[in-house]
Amino acid sequence: MRANEKLAIVGRQVALVPYEKKHVPRYHEWMKSPYLQEMTGSEPLSIDEEYAMQQTWRTDDDKCTFIVLSKDAGSAACDVHDTSRMIGDVNIYLNNADNPHEAELEVMIAEETHAGKGIATEVLRLMMGYAVSDIGVDDFVVRIKEYNSASIHIFENKLGFVETERAPVFKEVTLRRKVDDGLKASLAEWTGHAARIEFAK
């Protein structure tokens with residue numbers, strides 16, 4: 001999605017930046033992991049296929065991604081071009097023909113040293129705030145492996161999602177959160193500290 005190609009969002013622990021060609025090699029290494037493939041429902045790609053996929057993230061109107069960079073604790077500044085700080089990504093898909101304003105959320109913290117520190121929660125809150133304010137999303141949905149208890153906990157207990165469906169065949173649980181005045185107020189509180197800066201090449 002071109003809407004975010006010149007935007008970086010800087011939070012307390014992370015910065016969200018557009019997915020650029022320079023990010024592909026490290027992303028490609030991450031996605032060689034069978035565990036990450038399973039958790040994200042992804043198939044392994046060649047490096048050339050990964051570069052082609054990066055271009056679709058840039059140009060397609062029905063999906064949006066940010067690369068997640070780590071940020072030094074207590075520091076307001078962050079080098080948004082430092083690829084060595086890459087720790088994951090966050091995505092939304094606008095693929096519901098019956099409701100073009102519904103967004104399916106995905107987050108991946110690929111670097112294990114950054115897991116369990118509240119980073120995924122902040123990343124999701126920043127992405128949800130962007131999706132509501134800039135894209136006009138009015139409903140969020142996530143589909144998570146039923147044994148991924150950590151992710152389910154985040155969505156239910158940190159973001160207020162509610163389970164709406166289980167698919168035993170796929171070992172998958174679906175959770176939803178409608179964008180209402182309550183969520184908008186929470187997003188304003190959760191993301192009020194964040195800075196939006198120009199992502200200049």
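A residue is called partly exposed here when its relative accessible area falls between the limits for buried, under 20%, and exposed, over 50%. By that rule R166, with a relative accessible area of 45%, is partly exposed. The model is a predicted one, and this report covers its salt bridges, one buried arginine, its pockets and its cavities.

## Salt bridges

A search of the whole structure finds 14 salt bridges. The table gives three of them.

| Pair | Closest N to O distance |
|---|---|
| E20 and R58 | 2.5 Å |
| R166 and E163 | 2.8 Å |
| E104 and R143 | 3.0 Å |

The salt bridge of E20 with R58 links distant parts of the chain, 38 residues apart. E20 sits in the loop between β2 (14–18) and α1 (24–30), and R58 belongs to helix α3. Because its relative accessibility is 8%, E20 counts as buried. R58 is buried as well, at a relative accessible area of 10%. The pair is also part of something wider: R2, E5, E20 and R58 are linked in a network of salt bridges.

The side chains of E104 and R143 also meet in a salt bridge. This pair links distant parts of the chain too, with E104 in strand β5, R143 in strand β6, and their positions 39 residues apart. E104 has a relative accessibility of 14%, so it counts as buried. R143, in contrast, is at 35% and therefore counts as partly exposed.

In the third pair, R166 meets E163 through their side chains. R166 has already been described as partly exposed. E163 is partly exposed too, because its relative accessible area is 33%.

## A buried arginine without a salt bridge

What does the side chain of R177 reach? R177 lies in strand β8 (residues 172–178). It is buried yet has no salt bridge, and the nearest side chain of opposite charge, D180, is 4.0 Å away. The R177 side chain does reach the backbone oxygen of L159, at 2.8 Å.

## Pockets

The largest pocket holds about 1,300 Å³ of space. It is lined by 49 residues, and the closest to its centre are M39, T40, V107, M108 and I109. Several elements give two or more residues to this lining: the helices α2 (34–40), α3 (47–59), α4 (119–135) and α5 (149–158), together with the strands β4 (86–93), β5 (102–109) and β6 (139–145). Of these, β5 gives the most, with six residues. By residue type, the lining divides into 24 nonpolar, 13 polar and 12 charged.

The second largest pocket contains about 190 Å³ of space. Its lining consists of I9, L126, G129, Y130, V132, S133, K184, L187, A188, T191, A194 and R196. Two or more of these residues come from each of α4 and α6 (181–191). The most come from α4, which gives five. Seven residues of this lining are nonpolar, three are polar and two are charged.

Helix α4 therefore appears in both descriptions, as it gives two or more residues to the lining of the largest pocket and the most to that of the second largest.## Cavities

How many cavities of 30 Å³ or more does a search of the whole structure find? There are two.

The largest cavity has a volume of about 40 Å³. M1, N4, P18, Y19, Q54, W57, R58 and T65 line it. Helix α3 supplies the largest share of this lining, three residues. Four of the lining residues are nonpolar, three are polar and one is charged. R58, listed here in the lining of the largest cavity, is the residue that forms a salt bridge with E20.

The second largest cavity holds about 30 Å³ of space. Its lining is made up of Y19, Y27, W57, T65, I67, D89 and N91. At least two of these residues are supplied by β3 (63–70), and at least two by β4. The lining divides into four nonpolar residues, two polar and one charged.

Y19, W57 and T65 appear in the lining of the largest cavity and also in that of the second largest cavity.

Note on methods
Residues are numbered from 1 along each chain as its sequence is written. This is a predicted model: local features need pLDDT of at least 70, side-chain atom pairs count only at pLDDT 80 or more; totals for chains, interfaces and linings use all residues. Side-chain values use heavy atoms; hydrogens and water are left out. On a 1 Å grid over the protein atoms alone, a cavity is a set of points where a 1.4 Å probe fits but cannot get out, and a pocket is an open set with protein on both sides within 12 Å along at least five of seven lines; lining residues have an atom within 4 Å of a point. Grid points are joined across faces, edges and corners, and a volume is the space filled by probe spheres set on the points. Helices (H or I, at least four residues) and strands (E, at least two) are DSSP runs, numbered from the N terminus. Ala, Val, Leu, Ile, Met, Phe, Trp, Tyr, Cys and Pro count as nonpolar, Asp, Glu, Lys and Arg as charged, and the others, Gly among them, as polar. Buried means under 20% relative accessible area, exposed over 50%, partly exposed in between (1.4 Å probe, protein chains only). Lys and Arg count as positive and Asp and Glu as negative; His and the chain ends are not counted. A polar contact is a pair of N or O atoms within 3.5 Å; within protein, one must be able to donate a hydrogen and the other to accept it, and residues adjacent in sequence count only if both atoms are side-chain atoms.
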